[in-house]
Each structure stands twice: as structure tokens, then as C-alpha cells.
There are 4 protein chains.
Amino acid sequence: MSAEPCFDIAHLGHVELFTNKPQESLDFFVNIFGLTESGRAGDSVYLRAWDDYEFHTLKLTASNTTGVGHIGYRAASEAALLRRVAGIEGMGAGIGWVEGDLGHGRAYRFRDPDNHVFEIYFDTNKYVAPEGERPALKNQAQRNHGRGCAVRRIDHVNLLAQDVAAIRDFMPKALGSRVTEQIVLDSGEVGGCWFTVNNKSYDIAYTRDHTPAQARFHHVTYAVDQREHILEAADLFLENGVFIETGPHKHAVQQTFFLYVYEPAGNRVEIANAGARLILDPDWQTVTWTETERKKGQAWGLKTIESFHMHGTPPAA
Amino acid sequence: MSAEPCFDIAHLGHVELFTNKPQESLDFFVNIFGLTESGRAGDSVYLRAWDDYEFHTLKLTASNTTGVGHIGYRAASEAALLRRVAGIEGMGAGIGWVEGDLGHGRAYRFRDPDNHVFEIYFDTNKYVAPEGERPALKNQAQRNHGRGCAVRRIDHVNLLAQDVAAIRDFMPKALGSRVTEQIVLDSGEVGGCWFTVNNKSYDIAYTRDHTPAQARFHHVTYAVDQREHILEAADLFLENGVFIETGPHKHAVQQTFFLYVYEPAGNRVEIANAGARLILDPDWQTVTWTETERKKGQAWGLKTIESFHMHGTPPAA
Amino acid sequence: MSAEPCFDIAHLGHVELFTNKPQESLDFFVNIFGLTESGRAGDSVYLRAWDDYEFHTLKLTASNTTGVGHIGYRAASEAALLRRVAGIEGMGAGIGWVEGDLGHGRAYRFRDPDNHVFEIYFDTNKYVAPEGERPALKNQAQRNHGRGCAVRRIDHVNLLAQDVAAIRDFMPKALGSRVTEQIVLDSGEVGGCWFTVNNKSYDIAYTRDHTPAQARFHHVTYAVDQREHILEAADLFLENGVFIETGPHKHAVQQTFFLYVYEPAGNRVEIANAGARLILDPDWQTVTWTETERKKGQAWGLKTIESFHMHGTPPAA
Amino acid sequence: MSAEPCFDIAHLGHVELFTNKPQESLDFFVNIFGLTESGRAGDSVYLRAWDDYEFHTLKLTASNTTGVGHIGYRAASEAALLRRVAGIEGMGAGIGWVEGDLGHGRAYRFRDPDNHVFEIYFDTNKYVAPEGERPALKNQAQRNHGRGCAVRRIDHVNLLAQDVAAIRDFMPKALGSRVTEQIVLDSGEVGGCWFTVNNKSYDIAYTRDHTPAQARFHHVTYAVDQREHILEAADLFLENGVFIETGPHKHAVQQTFFLYVYEPAGNRVEIANAGARLILDPDWQTVTWTETERKKGQAWGLKTIESFHMHGTPPAA
């Protein structure tokens, strides 16, 4: 009899991003990327895409540095949350409970082997659109203003790590994630690893940090409905002087259509579309890419740009 | 503490469709719709879209009538399958185990309150692409030939029923489905109901049969990656003399971009794109549309065509 | 030896539209449709799409009514302009020279057989983008802000007329237009006629006015680069409460992908995409559609909506 | 008074391509690129896209080499043809009249300063679709089978030349072409030049041959209706093992969305979409790009690939 898959974690909830150019970053996320501000507290502005159902999916925090503050995942139920907490405590990775913020109730924090901070929670603050933000169709969280890239919802986050193989062991135990794809180099080293807790093909990815730094951030991604919207976004970035790092093109890994830019403080941001691709198979076998296969470049032959391997935030000393 | 959501059923697996014009129907599904034949046995041809991971998702069976033979759902594990079987037997809806076919192993059959036949199974025949069908990218089930509409994967099925409210009670109990959206008329009658077992916004829908017939079929839907592919499909249907019933347009309910045609035997087939819309919220609240709201037509104002309410297969006596 | 085609007129230049809700109309054209204001004088606001090369393509004039003020065409040269003026004077249709406005120099005005006012001019005011409107790519007239529908350029105008056959005779003589397509009813009456002076498949169309009024306006159209942009525009209109009359769909005549809305004062506005369709053949033979063919509806079967035949501006008494 | 623009040449008609792998090239153009064979004579197969109005736009000729045979332009009238012939004879560039082929009647041949062979003609063989090729819509030349890339119509050709400045002088005199855009290096050398005879932004381009060879070919381009079709084509090329050189991406020059591949014999082929961009201005001023501007790469930052500067056909000795 097959093992039972774990469904304790429902989805990636939010990412906290540090910026040392808070006003410029906010202007980028609101006016170019198309997020909506749902609240402010302390040094943080809470932002959301028009079809995110929670209060926020991006917590933008003014800081003296860049990179990721923490990553939040929402559990499938209160009971599921407690099962995960017990498991993580048993792994010795736990930090402990925090009270939550504008976006959600109490959350349990822990660290991955590369010292990125995560939290899991169930009690959340579902977004209720005020008058001016009410959508025409009631099955949508918020009005789509069509402002800037007008991204639809948070999609995934990509972190850097010293030891991706350690992460590959950790995530399935901590969150019940499945490893949908990975890159294994000729040396046996794991070059990259893609995880999911649900039917999305991935909600988090880790790639090898080529500097000795820990807890670094590679990018956060929001989804749009169509590939054409990414082509339009490319023009919008061009017109607004946003630095385009690479794309639009199609990844071989996961086949996502992508475009990468840097927000003003230097954090990498992706806008992506996966088409109708989902991982529906409950016993999906991990797809492993070899070093040779990866050298072919992206799906249509684009060579992976050097900065994609080297640039993370905060910058390595 | 919140109730625990059920994850026993992984996804819609396949639909068996009856045709009294087997050769014309097969030609349509292969050359116009773009499915690939993966096998034949008895009166049936097994068909699949290029990114369906199982052996087949459409079983096309020659018959003296049209409509649906049975609908198959794959369980998340063997244990989950047995939990569902126990539940369904307890509901008195069970038919019993069958041996399976070319596409999967043993399956447990049952009837919904309108007498449509379902089966659930875990043991499946995963598709292994022969030489000529191997994809360029190894994370894809099969080569995409770009033939006809070149649909990507099965998406959902829509059935007709005398008592949709009864179905609304039945499906969550039988399959653990969630009701994501519904139409409730001013009379209190449930006009339509959309269900999902995973993160797709729906994998099955039921609408009211306005004839006294039972167990009728409304349509089966395959997904494509982009809305533009549906516009291209419309031209392809036009060039090939396929009857276009309505669309392309965007549904208000579920916001799916759609196009409906009749295959040669008269069964309705849909090609659709949901964009990046997913139901990620583990405690999603059912969206209820009123009669007044539905009278506005589809999302952009298209009036629902009369045949959409009346045409099902087999034809009502 | 074949007759020499006439190239005296280069293209449709601008349309003057009357509105009795000037502020609401302006807000629609700037914030929803995505035009940019380039100047104001008297009761008129001059508007342009981001890739229109002239100062303006829409002159929005506050009035006590709606409908079209005049339609301007730009000649290919000063000599060509004078040849056309001589021809039109010879036809007895001339009004005389006017001084021009913010958008162009002196222009020669005339009337079509249905009393719509036209003008032709060569001396024009080419748009020079001020600092904040400079595009990232120098081969583009103005920055594309991505605001609202962000239409690219004026495409065509559609007028109503009592006697479309008379127009069919008039336009080739007055402007050197070619008749690319037409509808001829079983009665012999010309139901519609599409004209072009260049490689676009049409820059003006006339359809039969089913009321006894003269000089009425059917719609003005702006082009976008992709069909997907029209689908996005449909959502934008929906979110902003703009009345969508019909579409998105594909016309059988000219194969344009279309979407029709009413601006706040009631003038019909279209957003369209012709794909890569051009009339390159210098001796293109007019395509004639019969009444039977037109009854099939639009390209993919959409029935032409009643208001499309009846609604024009100003409203018929 | 402004000079009168010349309209003697209507459009690019066809390109003759040499292949030393005739069967593989033909299979590529028919089954992958999606052209239709309209006839054969001698060593040549005549091919056409589904909305090309003439008999053929590509003449594929078996040879012991690759590269371009000749380029054909259609005149606007018989009189216009004779005017051009007189002009070209006066320039001393003429070769003389040839009888024509399956595709058109008599044609006048001449050489450009780099020794590429051109012909101009008026009398043409308009395509009349046989039974199986009749389109559903009568304003379309041929049925669109949706086979392979299903390109719509020929768009332009790009040649290599030793002295692009000489070509820049020649083409306006020979064909009445306008120079819409050009690249002028810091040294004053003309690096590239784009010409049009009509409203398309270009129908021929020349770029600098970095080898000492003459009369070489860079690529021929067919247009599709939407950018998304090019993304689909990229997948089709990938699945079929066609060499993708660069793209999809957007050119800064002319803003065309592009994808370049090599057909089996090594000739470069482009599939492109210009959106709704047209050159309507009769006195369009040439846009000049500097060396610095070109070093920024393509519109969204893609660096121009080395082979794009070096690979032409036939290969340089």
C-alpha cells in the first residue's frame, strides 16, 4: 500500500521583503507591479495582488538591508497546523509561536537549514474589499484596476542555500512538501530543487548560493493569467526604466514562462505564467535534470545569464 | 477548531463518452481536438491529451446512443480509496468493484442521485511515451504535436441532474468535494453547482436538466494554456465545419474563458482556460449567484444561448 | 493596361466627436480607453493614442448633442491634396478651405452624400513628446503608459447613411478609396461598404441607417496590438461599469477581432485587432457578402445584436 | 511644396530560396512552418502561406548551395512597372525581361549593388483555392489548416551586403522605397537599413556582411497574427528538433516580435509579429540608431547573438 501524501499545509501565504529604499520599492510594487496596499504598521507596508484572498501576500519592510524577512505558509486547518508544529519541534528546527500581524493570527516560526525564517499559521485575515475595491464579479477577491503589471496572485518564492540537498530532506519533513523537480550536477551536488505542498507545480524553489552567505533571497514571483501579459509587462518595465535581468522566455525546468526584474532596492522579482500546468498526480515522481541537460539553456535555448547564478539579496559581503 | 478538509480524492481521471458515430467522433477528437490514441479494446478507443499523465482521460465507446458512460476519479492513495469506498457504501450509493481496463486497475463504482455512474481507483497505468511520442522536455508526459486544438489536459465534466441540491449534498460526502460556486434561483432551487476535490476551481459541475431525463451529460472540457489558443481553436472549428454553440467568451461563474462545440455525434465539448485562477484557500466559502445576477449573462454580457439550457446527451425522448 | 490606383490620400487622420457629457467622456477616453490629452482649445480637447504620430486623432468637443463633427484624412503630399480638392470641387461636394486647428494646417472640407463633414489636409502638426511622454524606444511616437486599454492608434470610423450605394460611388471618386468588402442584400440594396485608401483593410465603413436621420455616427475604432489586449479591455470595461454592447468576437467581414462599448455620452467606441491582415494586392477585387451569408452571424456564429443595427449618434428623433 | 512619394511598387511578392537538402527543406516548410504547396516545375516547389493572395511567395529550388535565388516585387500597375523599368535601366542596374514562371507573368530583372537578383512584375497568377483548400470565410485566400506554425503571409526579407550605404541610395531610386529605420555606426558606416514600399514598416532589410562575400542571404520572414503564435511556434520548433537561433524577443529596431530558426539546409527563417504597427505617415522621417543605442541589445535587453552577425547563406568560403 502506498504512503499517504501529506496535505497539512495549504499554500504559500506571504513573503516579507526587506528594502533599504522603502519609498522607491513601494512605488514600484504599487504603480509598476500593480499590487494594492491593504495596510501599514511599524516599518511595514502590507501589499496584495487583486486575486489574493488573504489580507496581504507581500510585507514590505523598511530596513538597512535587502533580502527576505520571513516566508509564511498557511495550514489546511488548525489541527494540521498543530501536527506540523509537533513535527518541526521534533526536528529541532523550531523557533516558537509569534502573535501574528495585520495579516494573520498566531504563527509558529522555524528555520530551514540555511537559516531562512519561516512561519506557519491557520488563523488568517481574509481580505474584505472596501467600497472602491469591490470587484464586478463576486468570485474575485478585489477589483482588478489594470494598473501596471496587474499581477493576479502570489505564486512562489526562490531562496538561495549552501546545501540544497539538506533542504531537499528538510522541506518534505517540515511542510509535507513534495519535490517535483531538481537539478543534480555530475558531482552529485543538488543544484536546485522545486517543492510544492499542493497542485501548483512549485511554491518554493532553492538554488545553490555560489557565495558563502546564508539565508539569502533569490526572487519572489507573482502569477499573471496569460503569457501575453508578461510581454506587456516587459514593455511597461522598459518604459519605466526598471532593470530587466532576463526574459521573457520559457524555463525548461517547470516550463514556466518568465520575466525577471530588480525592484529599486535590488531584490529580484519575477512575473510568470504556468499555463494550465498542474501537478495532479498524487504520486508524482521527481523529475531530475542533469548538468548536461541544464547546459542546453532554457526551453527555447536562451543561455542562463551569469547574474542569475550570482545575484541574491542581501548582496554577499 | 475548524473541520479538517478531505483530500482523499486527488483529481478527475477520465470520462467515458458514448458515440453512435464512432469513426467521425474519433476523427474529431484526434484530428480537430488534438487528442492522441493510446489504445483500443472492445468498442472503446482510449484517448489522451499531451500532458495528461495517465494512459487515457477520454474513453470513447461506440454505442447506439450518446452521453456519458462513466466518470473516473483517482484517489490520493490506496488507503484514501478504501476510506472513500467505506463512506460510499455507508451512503448506500455503491455498485461495487470492477476490474479496471487498459487505463487503470480495480475501481469501485457508484451512482450519484441522478444515476450517473462514477468510479474511483488508485492503481493507474501511467503513460510511458513510445519513441515517436517522447517530448523534448522530460517534465511533460508526451510530445505536443500541435495537431488541431492541441488541448493540454482534461479539465472537468458537466452533468445534468433533476435535483442539483441533492447532488450538492452527495458529492462532498462521496468524494470529499468542496462546493466552490453555485446558482440558487429565487424559488430556492439550486440551478447549478460547481465542485472541486483539489486546487482547481472545479472538476465537475451539475446543472438542472430541464427535461425529465436522468443521467444525462452536458459537456466535457479540456484545458489549453492560453486564451489565445481558444481563439485559434474557434478558427479551426470554423474551417472544419464543427458546430460552434457559443463562445469564445468568459463565464461569470468561475471566470473560465470558454468555447463550446458539438462533436459529430452531438456530445458537447468545451475548450477552456482558467488563467492563473486556483482555489488555494482551505476554507473557501461557497460563492452563491442569484437569479438576478445570472440574468446579466456571461462576464462580458453575452446572453446564455437557449440550447445551452436544453441540449444534453443522449437527447431527451 | 490596368488603371492606375490612386494614392493621393495617405490615411485617416482624426475624428471629431460631440459629447453632451464632456467631463465623463473625457474621463472615459483618458483613464479607461487610455488616450493622452495633447491640448485644449475652445470647447474641444485633443486626444491621441500612444503611437499616433500626429498631434491628435480624436477631437472631443463639448456640445448639446452627440455624434460626429467631422472626419479628417491626411493627403500624401501637397500636390496630392490639390488634386483631390480639384476633383471634389468638380463633383460639387466641396465646402471650402478652413484654417485648421491645433492639430494641422489648412484643410479642405466637403460633404459626403449623407451630409457627414470631411476634411483633407497635408500640413500637419506632428507630435513631439514632451519630457514625461518620451518613449523608451525612439521609433515610437509617445510613451505607452499602459493606462486603461492603452490603445495604440486610430484605426477606422464607421458612419451610417441612408444610401450606402451612393457612398460606394462617392468615396472612390472623392478620396481615391478602394471598396474592399461590401454587403449586398437580396433586394440589391447595399447594406454596408468598407473602404480603404492604403494597405489597411479599411479606414472607413458605412452601414445602412434604419432611421430616416442623416449624418449619423456608428463608431470610431482604435487598434491594439494583440487580441488578448481586447480580452483584457473587456475585463477593464466590466470593472469600470462601461456598457459593453457586443463582443469580444471576430467579424466575418474583414475578420477583425472586435469589442464594442458606449462611452458615457452614448457614442459607440470599438477596440479592435486585425492581426497581420493587410490589403497588399493593388488590384484587390471587392468581396461581396450576400444576405444569406450575413445571416450566419459573425465569424464564430455570434448573432449580430439588434442595437448594432439601430443605435447611432445622435439618437434619431 | 513637398516631393511626391512614389507608389509604383505595391509589395514584396516572393523570394526564391536555394536548398541543398530539398526534401528536408520542403518537409520543414510544409509540415513545420505550415506553408502549402501550390505547384512544382523543374527543380522548384512553389509554396504559399494561407493568406498570401498570389500563387506563391516562396520558390524553393533544389541546388548545390543555399541562399537566395531572386527576390520579386509586384508593381502597382502595368504603367508603374514600366516607369520603374525605365528608371532602373537609367541607373544601369538592369538585367532584362524574363518570361515569368508558374507564379506570374513577365518580369524585369535587375541587380542591387551587392549583386542580389531582383525582379519586378505586375501580371500575376492570383491563387484560386481548389476544393479542399477553400476557406470558410470568403475574404481569405485559402483555408488555414492550422498545420505547424500556420504562418499567415510573407512579411519581409533580409539580405547581407558589403556596402549598406550604397543600398540605402539604391533602393529608393530603384523601387521607390522609403528608408524607415537605419543603424549608423560611430565610424559613419551604415550597419543596417530597413526599407518599405507601402505601409508595412519594412519589406526588406540589409545588414552588413562581416565576410567578404557578396549576394548573401540573412533571412526571410513570415508574419503570424499574434505574438502568442510565436511562443507556440517556439514549442513546435523545440518538439521537432528545429535549431532555434534566438528569440522569441522584441526587436528595438522596428519593434517586431521575432523568432529565428534555421531550416534544414541552413537558411535562416523568421516568424514575426508587428502588432498594429504601420507606417502611415507619408513623410516619415528615417529613425537612426547609434552604435551606443544598439549596444543595449534588443528591446527588453537580450544581447544580440554572435551568429546573428556572422551566419548567412550560402556560407562564406
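Start where chain A meets chain B: 57 residues of chain A are in contact with 57 residues of chain B, contact here being heavy atoms within 4.5 Å. Keep in mind that this is a predicted model, in which local features need pLDDT of at least 70 and side-chain atom pairs count only at pLDDT 80 or more, while totals for chains, interfaces and linings use all residues. As for bookkeeping, residues are numbered from 1 along each chain as its sequence is written, chains are lettered from A and ligands numbered from 1 in the order in which they are written, and side-chain values use heavy atoms, with hydrogens and water left out.

Between them, chain A and chain B bury about 4600 Å², and carbon and sulfur atoms give 54% of that area. Buried area, by the way, is the accessible area (1.4 Å probe) that two parts lose on being put together, summed over both. On the chain A side, look for Lys138(A), Asn139(A) and Leu280(A): they supply 15% of the area that chain A buries against chain B, more than any other three residues.

Now for the charges. Side chains of opposite charge can pair when their charged atoms come close. A salt bridge is counted when a side-chain nitrogen of Lys or Arg sits within 4 Å of a carboxyl oxygen of Asp or Glu, and there are twelve salt bridges between chain A and chain B. One to pull up on screen joins Lys126(A) to Asp283(B), at 2.9 Å from N to O. The same interface also has 35 residue pairs in polar contact, both residues at pLDDT 80 or more. A polar contact is a pair of N or O atoms within 3.5 Å; within protein, one must be able to donate a hydrogen and the other to accept it, and residues adjacent in sequence count only if both atoms are side-chain atoms.

Which elements give two or more residues to the side of chain A that touches chain B? They are strand 1 (9-19), strand 5 (67-75), helix 2 (78-91), helix 4 (227-239) and strand 17 (287-290) of chain A. Helices (H or I, at least four residues) and strands (E, at least two) are DSSP runs, numbered from the N terminus. Helix 2 of chain A gives the largest share, five residues. Sorted by class, this side of chain A has 25 nonpolar, 14 polar and 18 charged residues. For that sorting, Ala, Val, Leu, Ile, Met, Phe, Trp, Tyr, Cys and Pro count as nonpolar, Asp, Glu, Lys and Arg as charged, and the others, Gly among them, as polar.

How do the two chains relate? Chain A superposes on chain B by a rotation of 180° with 0.0 Å of shift along its axis, at RMSD 0.0 Å. The two copies are therefore related as by a two-fold rotation axis. The same surface serves both, since 100% of the contact residues of chain A recur in chain B. Superposition is by least squares on the C-alpha atoms of residues with pLDDT of at least 70 in both copies.

Next, turn to chain B and chain D. Here, too, a rotation of 180° with 0.0 Å of shift along its axis does the job, with RMSD 0.0 Å. The copies meet through the same surface, because 100% of the interface residues of chain B are also interface residues in chain D. This contact takes 18 residues from each of chain B and chain D and buries about 1300 Å², 45% of it on carbon and sulfur atoms. Within chain B, Arg143(B), Glu228(B) and Glu239(B) lose the most area to chain D, together 38% of what that side buries. The salt-bridge count between chain B and chain D is zero, though twelve residue pairs are in polar contact. The chain B side divides into five nonpolar, eight polar and five charged residues.

Over all chains, the structure holds 96 salt bridges. One of them pairs Arg84(A) with Asp8(A), at 3.2 Å from N to O. Arg84(A) lies in helix 2 and Asp8(A) in the segment before strand 1 of chain A, so the pair ties together parts that are 76 residues apart in sequence.

A few backbone oddities finish the walk. Most residues other than glycine have a negative phi, and most peptide bonds are trans. In chain B, the peptide bond from Gly247(B) to Pro248(B) is cis, with omega near -5°, and Pro248(B) is in strand 14 (residues 243-250).
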